[in-house]
Amino acid sequence: MRFVDSRSVLQIMSMMSGHFFVTSFSRPLAYSASRSTTLTHAFSSASKSSFVSSRRRSSRAVPRVLDNTNRHRPFARRGVELQFFSTLLGDESNKEKDQSRQQQENQPLLLDPKAPLRPLLSENSHENHLSRYTLPPTVIGEDDYRPTLKKGQRVVAFGDIHGDISALRSFLITAELLDPESTNEEPMWAGGDAICVQTGDVLDRGDDELACFRLLATLARQAKKAGGALLLLYGNHESLNAAGLFQYANPGGNTEFDKTIGARIDYNYGSNRWRLQFAGNEPSRWASFEPGGLLAENLLGNMLVACVVGRTVFVHAGLTSSHLRDGNSVDEETGKKKYGGISQLNEEAREWILKAHHGDNNNWGEYNTVEEVIATAQNRAKVASKTMPDCLGGGIGASSPVWMRDYSQPNDKEPKNPKANAMIAEALKESGPDVQRMVMGHTPQRNINAALQGKAWRIDVGASKGVLGGTPEVLEIIHMGGENDEDIVNILTVDGDRISGKERSVPDDIIMDFFDMKR
(Lines give C-alpha, C1' and ligand atoms only; values in the text may rest on other atoms or scores of the structure.)
Protein backbone atom coordinates (compact mmCIF):
# COMPACT_ATOMS: atom_id res chain seq x y z
CA MET A 1 0.00 0.00 0.00
CA ARG A 2 1.34 3.43 -0.88
CA PHE A 3 0.11 6.83 0.28
CA VAL A 4 -1.35 9.56 -1.87
CA ASP A 5 1.48 12.04 -2.27
CA SER A 6 1.49 15.63 -1.03
CA ARG A 7 0.50 17.24 -4.32
CA SER A 8 -2.50 14.93 -4.67
CA VAL A 9 -3.64 15.71 -1.14
CA LEU A 10 -3.51 19.43 -1.81
CA GLN A 11 -5.34 18.94 -5.09
CA ILE A 12 -8.15 17.11 -3.30
CA MET A 13 -8.45 19.82 -0.67
CA SER A 14 -8.32 22.60 -3.24
CA MET A 15 -11.24 21.13 -5.11
CA MET A 16 -13.24 20.05 -2.06
CA SER A 17 -12.87 23.40 -0.28
CA GLY A 18 -15.11 25.04 -2.88
CA HIS A 19 -17.85 22.43 -2.56
CA PHE A 20 -20.20 21.12 0.08
CA PHE A 21 -22.41 18.06 0.32
CA VAL A 22 -25.96 19.40 0.32
CA THR A 23 -29.71 18.96 0.67
CA SER A 24 -30.70 15.56 -0.69
CA PHE A 25 -30.64 12.60 1.66
CA SER A 26 -31.26 10.17 -1.16
CA ARG A 27 -28.44 11.52 -3.31
CA PRO A 28 -25.71 13.75 -1.82
CA LEU A 29 -24.89 16.66 -4.10
CA ALA A 30 -21.93 18.91 -4.65
CA TYR A 31 -22.70 22.59 -4.52
CA SER A 32 -20.82 25.65 -5.67
CA ALA A 33 -21.90 29.23 -6.12
CA SER A 34 -22.33 28.75 -9.84
CA ARG A 35 -23.74 25.26 -10.18
CA SER A 36 -25.11 22.15 -8.48
CA THR A 37 -24.03 18.75 -9.78
CA THR A 38 -23.82 15.24 -8.45
CA LEU A 39 -20.65 14.32 -6.64
CA THR A 40 -20.06 11.63 -9.21
CA HIS A 41 -20.08 14.18 -12.03
CA ALA A 42 -18.03 16.68 -10.06
CA PHE A 43 -15.24 14.35 -9.02
CA SER A 44 -15.17 10.93 -10.64
CA SER A 45 -14.56 12.40 -14.09
CA ALA A 46 -11.86 14.79 -12.92
CA SER A 47 -8.48 14.06 -14.43
CA LYS A 48 -5.08 14.60 -12.90
CA SER A 49 -4.60 17.55 -15.19
CA SER A 50 -7.66 19.26 -13.74
CA PHE A 51 -6.32 18.74 -10.23
CA VAL A 52 -2.97 20.17 -11.26
CA SER A 53 -4.54 23.20 -12.93
CA SER A 54 -6.58 23.78 -9.78
CA ARG A 55 -3.42 23.66 -7.69
CA ARG A 56 -1.59 26.07 -9.96
CA ARG A 57 -4.25 28.70 -9.34
CA SER A 58 -3.01 28.92 -5.77
CA SER A 59 0.32 30.44 -4.83
CA ARG A 60 0.54 28.22 -1.73
CA ALA A 61 1.28 24.61 -2.52
CA VAL A 62 2.77 23.14 0.65
CA PRO A 63 2.11 23.94 4.31
CA ARG A 64 4.93 25.47 6.27
CA VAL A 65 6.88 23.43 8.83
CA LEU A 66 6.98 24.83 12.36
CA ASP A 67 9.20 22.28 14.07
CA ASN A 68 10.31 18.67 13.87
CA THR A 69 7.39 17.14 15.78
CA ASN A 70 5.10 16.68 12.78
CA ARG A 71 2.98 19.73 13.59
CA HIS A 72 2.43 22.45 11.02
CA ARG A 73 0.85 25.83 10.67
CA PRO A 74 -2.85 25.73 9.68
CA PHE A 75 -3.22 25.80 5.91
CA ALA A 76 -6.07 28.07 4.78
CA ARG A 77 -7.64 28.00 1.33
CA ARG A 78 -10.84 29.77 0.24
CA GLY A 79 -11.90 30.42 3.82
CA VAL A 80 -11.69 26.74 4.83
CA GLU A 81 -8.99 26.04 7.40
CA LEU A 82 -7.20 22.73 6.86
CA GLN A 83 -4.62 21.27 9.23
CA PHE A 84 -1.75 19.39 7.63
CA PHE A 85 1.06 17.43 9.23
CA SER A 86 3.97 15.61 7.66
CA THR A 87 2.21 12.31 8.31
CA LEU A 88 -0.54 13.49 5.97
CA LEU A 89 1.84 14.31 3.13
CA GLY A 90 4.55 11.68 3.05
CA ASP A 91 4.99 8.04 2.13
CA GLU A 92 4.97 4.79 4.10
CA SER A 93 8.04 5.84 6.08
CA ASN A 94 6.09 8.62 7.79
CA LYS A 95 3.86 6.04 9.49
CA GLU A 96 6.96 4.29 10.86
CA LYS A 97 8.47 7.60 12.00
CA ASP A 98 5.25 8.49 13.84
CA GLN A 99 5.19 5.12 15.61
CA SER A 100 8.87 5.42 16.52
CA ARG A 101 8.42 8.92 17.92
CA GLN A 102 5.46 7.89 20.06
CA GLN A 103 7.33 4.88 21.42
CA GLN A 104 10.33 7.04 22.31
CA GLU A 105 8.03 9.44 24.16
CA ASN A 106 6.26 6.53 25.91
CA GLN A 107 3.08 7.48 24.06
CA PRO A 108 1.98 4.27 22.31
CA LEU A 109 -0.62 4.42 19.57
CA LEU A 110 -4.02 4.58 21.22
CA LEU A 111 -6.00 3.43 18.22
CA ASP A 112 -6.05 0.75 15.57
CA PRO A 113 -5.90 2.37 12.10
CA LYS A 114 -9.36 0.97 11.26
CA ALA A 115 -11.00 1.63 14.61
CA PRO A 116 -13.42 4.43 15.57
CA LEU A 117 -11.81 7.67 16.73
CA ARG A 118 -13.90 7.88 19.89
CA PRO A 119 -11.38 6.31 22.34
CA LEU A 120 -8.99 9.18 21.64
CA LEU A 121 -11.36 11.58 23.39
CA SER A 122 -13.16 9.32 25.87
CA GLU A 123 -12.23 7.36 28.96
CA ASN A 124 -9.02 6.05 27.37
CA SER A 125 -7.62 9.56 26.85
CA HIS A 126 -5.96 11.71 29.47
CA GLU A 127 -8.90 14.11 29.87
CA ASN A 128 -12.06 12.21 28.80
CA HIS A 129 -13.21 15.23 26.82
CA LEU A 130 -16.40 13.55 25.58
CA SER A 131 -17.76 13.32 29.12
CA ARG A 132 -18.60 17.01 28.87
CA TYR A 133 -21.19 16.19 26.20
CA THR A 134 -22.79 13.26 28.01
CA LEU A 135 -26.54 13.27 28.45
CA PRO A 136 -28.20 11.09 31.11
CA PRO A 137 -29.14 7.68 29.64
CA THR A 138 -32.57 7.82 28.00
CA VAL A 139 -34.85 4.82 28.55
CA ILE A 140 -37.04 4.34 25.49
CA GLY A 141 -40.67 3.83 26.47
CA GLU A 142 -40.22 5.65 29.78
CA ASP A 143 -38.24 8.86 29.45
CA ASP A 144 -39.92 9.68 26.14
CA TYR A 145 -43.43 8.90 27.43
CA ARG A 146 -44.23 10.62 30.74
CA PRO A 147 -48.01 11.12 30.83
CA THR A 148 -48.15 11.09 34.62
CA LEU A 149 -46.73 14.13 36.39
CA LYS A 150 -47.16 15.63 39.82
CA LYS A 151 -49.96 18.14 40.09
CA GLY A 152 -48.47 21.60 39.64
CA GLN A 153 -45.20 20.34 38.13
CA ARG A 154 -43.61 22.76 35.66
CA VAL A 155 -42.91 21.77 32.06
CA VAL A 156 -40.99 24.30 29.98
CA ALA A 157 -39.83 24.33 26.38
CA PHE A 158 -37.89 26.52 23.99
CA GLY A 159 -37.01 26.27 20.34
CA ASP A 160 -34.13 26.53 17.90
CA ILE A 161 -30.74 27.71 19.22
CA HIS A 162 -28.54 27.46 16.13
CA GLY A 163 -25.19 27.81 17.80
CA ASP A 164 -25.93 31.03 19.71
CA ILE A 165 -24.71 30.58 23.29
CA SER A 166 -26.06 33.99 24.36
CA ALA A 167 -29.54 33.12 23.14
CA LEU A 168 -29.36 29.74 24.88
CA ARG A 169 -28.33 31.34 28.15
CA SER A 170 -31.22 33.79 27.85
CA PHE A 171 -33.66 30.93 27.23
CA LEU A 172 -32.43 29.04 30.28
CA ILE A 173 -32.52 32.02 32.64
CA THR A 174 -35.96 33.07 31.37
CA ALA A 175 -37.17 29.50 31.99
CA GLU A 176 -35.83 29.73 35.57
CA LEU A 177 -33.57 26.74 34.97
CA LEU A 178 -30.10 28.29 35.09
CA ASP A 179 -28.57 30.14 38.04
CA PRO A 180 -27.78 33.51 36.43
CA GLU A 181 -24.65 33.81 38.57
CA SER A 182 -23.16 30.62 37.13
CA THR A 183 -21.02 30.46 33.99
CA ASN A 184 -21.56 28.68 30.69
CA GLU A 185 -18.74 26.21 31.37
CA GLU A 186 -19.76 25.65 35.01
CA PRO A 187 -23.54 26.12 34.97
CA MET A 188 -25.81 25.42 37.93
CA TRP A 189 -29.29 23.94 37.53
CA ALA A 190 -31.92 26.05 39.30
CA GLY A 191 -35.04 24.33 38.00
CA GLY A 192 -35.71 21.80 40.75
CA ASP A 193 -38.05 19.08 39.46
CA ALA A 194 -39.03 21.00 36.32
CA ILE A 195 -38.96 19.15 33.02
CA CYS A 196 -37.50 21.07 30.09
CA VAL A 197 -37.71 20.07 26.42
CA GLN A 198 -35.45 21.74 23.86
CA THR A 199 -37.07 21.06 20.50
CA GLY A 200 -33.97 20.64 18.33
CA ASP A 201 -31.70 22.60 15.98
CA VAL A 202 -28.82 23.33 18.31
CA LEU A 203 -26.54 23.04 15.28
CA ASP A 204 -25.64 25.30 12.31
CA ARG A 205 -25.87 29.06 11.62
CA GLY A 206 -23.83 29.97 14.74
CA ASP A 207 -20.30 29.86 16.13
CA ASP A 208 -20.86 28.15 19.52
CA GLU A 209 -22.54 24.84 18.71
CA LEU A 210 -20.31 22.66 20.88
CA ALA A 211 -20.45 25.18 23.73
CA CYS A 212 -24.25 25.01 23.57
CA PHE A 213 -24.22 21.22 23.76
CA ARG A 214 -21.79 21.26 26.70
CA LEU A 215 -24.02 23.67 28.61
CA LEU A 216 -27.17 21.66 27.90
CA ALA A 217 -25.56 18.31 28.72
CA THR A 218 -24.17 19.58 32.03
CA LEU A 219 -27.56 20.93 33.08
CA ALA A 220 -29.28 17.71 31.96
CA ARG A 221 -27.09 15.68 34.32
CA GLN A 222 -27.75 18.07 37.19
CA ALA A 223 -31.49 18.16 36.45
CA LYS A 224 -31.77 14.39 36.75
CA LYS A 225 -30.10 14.45 40.16
CA ALA A 226 -32.55 17.15 41.27
CA GLY A 227 -35.58 15.11 40.20
CA GLY A 228 -36.19 17.07 37.00
CA ALA A 229 -35.14 16.53 33.40
CA LEU A 230 -33.74 18.35 30.38
CA LEU A 231 -34.59 16.49 27.17
CA LEU A 232 -33.01 17.28 23.80
CA LEU A 233 -34.82 16.55 20.53
CA TYR A 234 -33.42 16.03 17.06
CA GLY A 235 -33.96 18.83 14.59
CA ASN A 236 -33.44 18.74 10.84
CA HIS A 237 -30.03 20.36 11.30
CA GLU A 238 -28.88 17.53 13.55
CA SER A 239 -29.99 15.14 10.79
CA LEU A 240 -28.10 17.12 8.16
CA ASN A 241 -24.89 17.09 10.17
CA ALA A 242 -25.19 13.38 10.88
CA ALA A 243 -25.36 12.76 7.13
CA GLY A 244 -22.24 14.84 6.42
CA LEU A 245 -24.23 17.79 5.01
CA PHE A 246 -22.81 21.07 6.28
CA GLN A 247 -24.13 23.74 3.93
CA TYR A 248 -25.67 25.68 6.83
CA ALA A 249 -22.57 25.63 9.05
CA ASN A 250 -20.85 28.92 9.84
CA PRO A 251 -17.08 29.26 9.30
CA GLY A 252 -16.82 30.20 12.97
CA GLY A 253 -18.67 27.03 13.94
CA ASN A 254 -16.31 24.92 11.84
CA THR A 255 -13.36 26.58 13.56
CA GLU A 256 -14.88 25.72 16.95
CA PHE A 257 -15.06 22.05 15.93
CA ASP A 258 -11.51 22.05 14.62
CA LYS A 259 -10.04 23.69 17.73
CA THR A 260 -12.16 21.77 20.24
CA ILE A 261 -12.34 18.32 18.61
CA GLY A 262 -9.89 18.09 15.71
CA ALA A 263 -6.86 19.49 17.49
CA ARG A 264 -7.35 17.07 20.38
CA ILE A 265 -7.49 14.09 18.03
CA ASP A 266 -4.36 15.33 16.23
CA TYR A 267 -2.50 15.55 19.52
CA ASN A 268 -3.72 12.33 21.12
CA TYR A 269 -3.26 10.30 17.94
CA GLY A 270 0.06 11.91 17.11
CA SER A 271 -1.02 12.24 13.50
CA ASN A 272 -3.29 14.24 11.25
CA ARG A 273 -3.78 11.62 8.55
CA TRP A 274 -7.19 10.63 9.99
CA ARG A 275 -8.58 13.78 8.33
CA LEU A 276 -7.91 12.50 4.82
CA GLN A 277 -10.77 9.96 4.89
CA PHE A 278 -13.23 12.91 5.02
CA ALA A 279 -11.76 14.46 1.83
CA GLY A 280 -11.70 18.02 3.14
CA ASN A 281 -15.40 18.11 4.09
CA GLU A 282 -15.06 19.45 7.65
CA PRO A 283 -13.45 16.33 9.16
CA SER A 284 -13.79 17.45 12.80
CA ARG A 285 -17.51 18.16 12.42
CA TRP A 286 -18.19 15.06 10.33
CA ALA A 287 -16.32 12.76 12.71
CA SER A 288 -18.32 14.17 15.62
CA PHE A 289 -21.86 13.72 14.29
CA GLU A 290 -21.78 10.81 11.85
CA PRO A 291 -23.44 7.53 12.93
CA GLY A 292 -21.04 5.73 15.25
CA GLY A 293 -19.05 8.96 15.54
CA LEU A 294 -17.43 10.76 18.41
CA LEU A 295 -20.65 12.12 19.95
CA ALA A 296 -22.98 9.28 18.97
CA GLU A 297 -22.88 7.34 22.23
CA ASN A 298 -22.62 10.18 24.74
CA LEU A 299 -24.94 12.72 23.15
CA LEU A 300 -26.91 11.82 20.04
CA GLY A 301 -27.86 8.34 21.21
CA ASN A 302 -29.71 9.89 24.16
CA MET A 303 -31.57 12.51 22.13
CA LEU A 304 -35.16 11.95 21.03
CA VAL A 305 -37.26 12.50 17.94
CA ALA A 306 -40.36 13.24 20.02
CA CYS A 307 -41.65 12.83 23.56
CA VAL A 308 -44.83 13.09 25.58
CA VAL A 309 -44.67 14.99 28.86
CA GLY A 310 -47.96 15.27 30.73
CA ARG A 311 -50.65 16.27 28.23
CA THR A 312 -48.22 17.63 25.63
CA VAL A 313 -46.29 16.02 22.80
CA PHE A 314 -43.04 17.72 21.76
CA VAL A 315 -41.32 17.42 18.38
CA HIS A 316 -39.10 19.56 16.19
CA ALA A 317 -41.37 20.08 13.17
CA GLY A 318 -44.56 18.07 13.61
CA LEU A 319 -46.19 14.65 13.80
CA THR A 320 -48.95 13.01 11.81
CA SER A 321 -50.96 9.92 12.62
CA SER A 322 -48.98 8.02 9.98
CA HIS A 323 -45.83 8.60 12.04
CA LEU A 324 -47.48 7.17 15.14
CA ARG A 325 -49.55 4.15 14.19
CA ASP A 326 -49.23 1.05 16.35
CA GLY A 327 -48.42 2.69 19.66
CA ASN A 328 -46.76 1.01 22.65
CA SER A 329 -48.20 -2.35 23.64
CA VAL A 330 -47.26 -5.53 25.48
CA ASP A 331 -46.43 -8.79 23.74
CA GLU A 332 -48.99 -11.33 24.99
CA GLU A 333 -46.52 -14.23 24.81
CA THR A 334 -43.41 -12.67 26.34
CA GLY A 335 -44.95 -9.93 28.44
CA LYS A 336 -42.34 -7.50 27.11
CA LYS A 337 -43.10 -4.04 25.82
CA LYS A 338 -43.52 -3.63 22.07
CA TYR A 339 -42.61 -0.16 20.97
CA GLY A 340 -44.60 1.70 18.36
CA GLY A 341 -45.58 5.30 17.92
CA ILE A 342 -43.22 7.80 19.51
CA SER A 343 -41.05 5.17 21.17
CA GLN A 344 -40.58 3.39 17.85
CA LEU A 345 -39.39 6.64 16.25
CA ASN A 346 -36.89 7.14 19.04
CA GLU A 347 -35.67 3.55 18.89
CA GLU A 348 -35.11 3.78 15.13
CA ALA A 349 -33.12 6.99 15.52
CA ARG A 350 -31.00 5.51 18.30
CA GLU A 351 -30.20 2.30 16.43
CA TRP A 352 -29.13 4.29 13.39
CA ILE A 353 -26.94 6.86 15.12
CA LEU A 354 -25.04 4.31 17.23
CA LYS A 355 -23.85 2.21 14.27
CA ALA A 356 -20.95 3.14 11.97
CA HIS A 357 -22.66 2.28 8.68
CA HIS A 358 -19.62 3.12 6.56
CA GLY A 359 -17.59 0.26 8.05
CA ASP A 360 -13.93 0.59 9.06
CA ASN A 361 -12.10 3.88 9.31
CA ASN A 362 -8.88 4.63 7.45
CA ASN A 363 -7.11 6.63 10.14
CA TRP A 364 -3.69 6.37 8.50
CA GLY A 365 -4.97 7.68 5.20
CA GLU A 366 -3.76 4.67 3.20
CA TYR A 367 -5.01 5.48 -0.28
CA ASN A 368 -3.52 4.78 -3.69
CA THR A 369 -5.16 7.56 -5.70
CA VAL A 370 -6.95 10.84 -5.38
CA GLU A 371 -10.03 9.21 -6.85
CA GLU A 372 -10.01 6.62 -4.07
CA VAL A 373 -10.03 9.33 -1.41
CA ILE A 374 -13.01 11.04 -2.99
CA ALA A 375 -14.90 7.80 -3.62
CA THR A 376 -14.45 6.76 0.02
CA ALA A 377 -15.84 10.07 1.31
CA GLN A 378 -18.71 9.87 -1.18
CA ASN A 379 -19.60 6.41 0.05
CA ARG A 380 -19.41 7.53 3.66
CA ALA A 381 -22.05 10.21 3.01
CA LYS A 382 -24.23 8.06 0.77
CA VAL A 383 -24.37 5.15 3.22
CA ALA A 384 -25.38 7.46 6.08
CA SER A 385 -28.16 9.00 3.97
CA LYS A 386 -29.35 5.67 2.59
CA THR A 387 -29.65 4.03 6.01
CA MET A 388 -31.15 7.06 7.79
CA PRO A 389 -34.61 6.23 9.22
CA ASP A 390 -37.60 8.07 7.81
CA CYS A 391 -38.18 9.88 11.11
CA LEU A 392 -34.91 11.82 10.60
CA GLY A 393 -34.75 11.93 6.83
CA GLY A 394 -36.49 13.88 4.16
CA GLY A 395 -35.46 17.34 3.05
CA ILE A 396 -37.11 20.62 2.14
CA GLY A 397 -40.84 20.05 1.73
CA ALA A 398 -40.77 16.56 3.24
CA SER A 399 -43.37 15.36 5.75
CA SER A 400 -41.00 13.83 8.33
CA PRO A 401 -41.08 14.81 12.04
CA VAL A 402 -37.99 17.01 11.61
CA TRP A 403 -38.90 18.66 8.29
CA MET A 404 -42.68 19.17 7.92
CA ARG A 405 -44.28 22.63 8.21
CA ASP A 406 -47.98 21.78 7.96
CA TYR A 407 -48.74 23.23 11.40
CA SER A 408 -46.26 26.10 11.50
CA GLN A 409 -46.29 27.89 8.16
CA PRO A 410 -46.94 30.70 7.50
CA ASN A 411 -45.50 32.17 10.65
CA ASP A 412 -47.78 33.92 13.15
CA LYS A 413 -50.86 32.86 11.22
CA GLU A 414 -53.16 29.88 10.89
CA PRO A 415 -51.53 27.13 8.77
CA LYS A 416 -52.16 27.36 5.05
CA ASN A 417 -52.73 23.59 4.75
CA PRO A 418 -56.54 23.21 4.84
CA LYS A 419 -56.17 19.71 6.28
CA ALA A 420 -53.93 20.81 9.16
CA ASN A 421 -56.65 20.83 11.82
CA ALA A 422 -57.79 17.30 11.06
CA MET A 423 -54.19 16.10 10.75
CA ILE A 424 -53.10 17.40 14.14
CA ALA A 425 -56.25 16.12 15.86
CA GLU A 426 -55.49 12.60 14.60
CA ALA A 427 -51.83 12.90 15.60
CA LEU A 428 -52.71 13.99 19.13
CA LYS A 429 -55.08 11.05 19.47
CA GLU A 430 -52.31 8.67 18.40
CA SER A 431 -49.80 10.33 20.78
CA GLY A 432 -51.65 9.34 23.95
CA PRO A 433 -55.08 9.11 25.58
CA ASP A 434 -55.02 12.62 27.07
CA VAL A 435 -52.54 14.52 24.86
CA GLN A 436 -54.07 17.94 24.16
CA ARG A 437 -51.40 19.94 22.36
CA MET A 438 -48.32 19.64 20.15
CA VAL A 439 -45.28 21.88 20.70
CA MET A 440 -42.86 22.42 17.82
CA GLY A 441 -40.00 24.63 16.63
CA HIS A 442 -38.49 24.65 13.12
CA THR A 443 -40.39 27.62 11.59
CA PRO A 444 -39.48 31.00 13.14
CA GLN A 445 -42.33 33.09 14.49
CA ARG A 446 -42.38 36.70 15.73
CA ASN A 447 -43.23 35.30 19.16
CA ILE A 448 -44.55 32.09 20.68
CA ASN A 449 -48.10 31.50 19.51
CA ALA A 450 -50.90 28.94 19.28
CA ALA A 451 -52.79 27.90 16.15
CA LEU A 452 -55.44 25.33 15.30
CA GLN A 453 -57.61 26.07 18.36
CA GLY A 454 -54.66 25.78 20.73
CA LYS A 455 -53.55 22.38 19.47
CA ALA A 456 -50.36 23.65 17.74
CA TRP A 457 -47.86 25.69 19.76
CA ARG A 458 -45.04 27.19 17.65
CA ILE A 459 -42.08 28.13 19.85
CA ASP A 460 -39.19 28.88 17.48
CA VAL A 461 -38.72 32.65 17.79
CA GLY A 462 -35.63 32.84 15.59
CA ALA A 463 -33.51 33.86 18.58
CA SER A 464 -30.13 33.00 17.07
CA LYS A 465 -28.18 35.85 15.53
CA GLY A 466 -27.73 33.54 12.55
CA VAL A 467 -31.50 33.45 11.95
CA LEU A 468 -33.54 36.50 12.97
CA GLY A 469 -31.94 37.64 16.21
CA GLY A 470 -35.38 37.44 17.78
CA THR A 471 -36.14 37.95 21.48
CA PRO A 472 -36.11 34.66 23.42
CA GLU A 473 -39.38 33.43 24.92
CA VAL A 474 -40.18 30.21 26.79
CA LEU A 475 -43.36 28.14 26.89
CA GLU A 476 -44.42 27.11 30.40
CA ILE A 477 -47.08 24.51 31.22
CA ILE A 478 -48.22 23.99 34.82
CA HIS A 479 -49.57 20.44 34.90
CA MET A 480 -53.13 20.36 36.28
CA GLY A 481 -52.54 23.78 37.78
CA GLY A 482 -55.86 25.37 36.84
CA GLU A 483 -59.53 24.96 37.60
CA ASN A 484 -60.89 21.45 37.17
CA ASP A 485 -57.29 20.26 36.95
CA GLU A 486 -56.76 21.92 33.57
CA ASP A 487 -53.21 22.78 32.54
CA ILE A 488 -52.09 26.38 32.77
CA VAL A 489 -50.13 27.56 29.73
CA ASN A 490 -47.94 30.66 29.96
CA ILE A 491 -45.29 32.42 27.92
CA LEU A 492 -42.24 33.60 29.88
CA THR A 493 -40.41 36.67 28.60
CA VAL A 494 -36.90 38.00 29.17
CA ASP A 495 -38.46 40.93 31.05
CA GLY A 496 -39.84 38.57 33.67
CA ASP A 497 -43.46 38.67 32.50
CA ARG A 498 -45.80 35.67 32.53
CA ILE A 499 -48.25 36.05 29.67
CA SER A 500 -51.31 33.82 29.59
CA GLY A 501 -51.33 31.47 26.64
CA LYS A 502 -54.88 32.60 25.94
CA GLU A 503 -53.44 35.90 24.71
CA ARG A 504 -51.26 34.23 22.09
CA SER A 505 -53.75 32.68 19.69
CA VAL A 506 -52.73 33.76 16.22
CA PRO A 507 -54.83 36.43 14.49
CA ASP A 508 -55.99 36.14 10.92
CA ASP A 509 -54.73 39.48 9.62
CA ILE A 510 -50.97 38.86 9.56
CA ILE A 511 -49.70 38.41 6.03
CA MET A 512 -45.98 38.38 6.71
CA ASP A 513 -44.25 35.03 6.20
CA PHE A 514 -40.62 35.16 7.34
CA PHE A 515 -39.73 31.68 6.23
CA ASP A 516 -41.69 30.85 3.15
CA MET A 517 -38.28 29.91 1.83
CA LYS A 518 -35.81 27.04 1.64
CA ARG A 519 -33.81 26.41 4.78
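Here a visitor asks a guide how the words used for this predicted model are earned.

Visitor: What kind of model is this, and how are its residues numbered?

Guide: This is a predicted model, where local features need pLDDT of at least 70, side-chain atom pairs count only at pLDDT 80 or more, and totals for chains, interfaces and linings use all residues. Residues are numbered from 1 along each chain as its sequence is written, and side-chain values use heavy atoms, with hydrogens and water left out.

Visitor: How many helices and strands are there, and what makes a stretch count as one?

Guide: The protein has 14 helices and 19 strands. Both are DSSP runs numbered from the N terminus: a helix is H or I with at least four residues, a strand is E with at least two.

Visitor: Why is Pro410 called buried?

Guide: Buried means under 20% relative accessible area, exposed means over 50%, and partly exposed is in between (1.4 Å probe, protein chains only). Pro410 has 12% relative accessibility, so Pro410 counts as buried. You will find Pro410 in the loop between helix 13 (370-387) and helix 14 (420-431). Its C-alpha atom is 9.4 Å from that of Pro444, a residue 34 positions away along the chain.

Visitor: How much of the protein is buried?

Guide: Buried residues make up 59% of the 519 residues. Two cysteines belong here: Cys212 has a relative accessible area of 0%, so Cys212 is buried, and Cys307, at 0% too, also counts as buried.

Visitor: How many disulfides does the structure hold, and what would make a pair count?

Guide: A pair of cysteine sulfur atoms must lie within 2.5 Å. The structure holds 0 disulfides.

Visitor: How do you know that the length of helix 12 agrees with what is expected?

Guide: The expected span is 1.5 Å times one less than the number of residues. For the 14 residues of helix 12 (residues 341-354) that gives 20 Å, and the end C-alpha atoms are 21 Å apart, so the two agree. Among the buried residues of helix 12 are Leu345, Ala349 and Trp352.

Visitor: What makes strand 6 and strand 10 a pair?

Guide: Two strands pair if DSSP finds at least two bridges between them. Strand 6 and strand 10 (residues 306-309) have 2 bridges, in the parallel sense. Within strand 10, Val308 is the bridge partner of Tyr145.

Visitor: Which sheet do these strands belong to, and why are strand 6 and strand 15 at its edges?

Guide: They belong to an open sheet of 6 strands in the order 6-10-11-14-16-15, with mixed pairing. Strand 6 (145-146) and strand 15 (449-451) each have a single partner strand, so one side of each is left without a neighbour in the sheet. Helix 14 packs on this sheet, touching strand 6, strand 10, strand 11 (312-315), strand 14 (437-440) and strand 16 (456-458); a contact means heavy atoms within 4.5 Å. The direction of helix 14 makes about 100° with that of strand 14. Such angles run from 0 to 180 degrees between N-to-C directions, using axes fitted to C-alpha atoms, for helices over the stretch in contact.

Visitor: What surrounds strand 14 in that sheet?

Guide: Strand 14 runs parallel to strand 11, joined by 3 bridges, and parallel to strand 16, also joined by 3 bridges. Val313 stands opposite Met438, while Val439 stands opposite Trp457. Arg437 and Val439 point one way from strand 14, Met438 and Met440 the other way, and all are buried.

Visitor: What makes a group of residues a nonpolar core, and which residues touch the most others in the largest one?

Guide: A nonpolar core is a set of buried Ala, Val, Leu, Ile, Met, Phe, Trp, Tyr and Cys residues joined through side-chain atoms within 4.5 Å. The largest has 123 residues, of which Phe314, Tyr407 and Met438 touch the most other members. Helix 7 (residues 209-225) gives this core its largest share, 10 residues.

Visitor: How do you know that strand 17 is mostly covered?

Guide: For strand 17, 6 of its 6 residues are buried. Glu473, Leu475 and Ile477 lie on one side, with Val474, Glu476 and Ile478 on the other. Strand 17 pairs with strand 18 (residues 488-493) in the antiparallel sense over 6 bridges, and Glu473 stands opposite Thr493 there. Strand 7 (residues 154-158) also runs antiparallel to strand 17 (residues 473-478), joined by 4 bridges.
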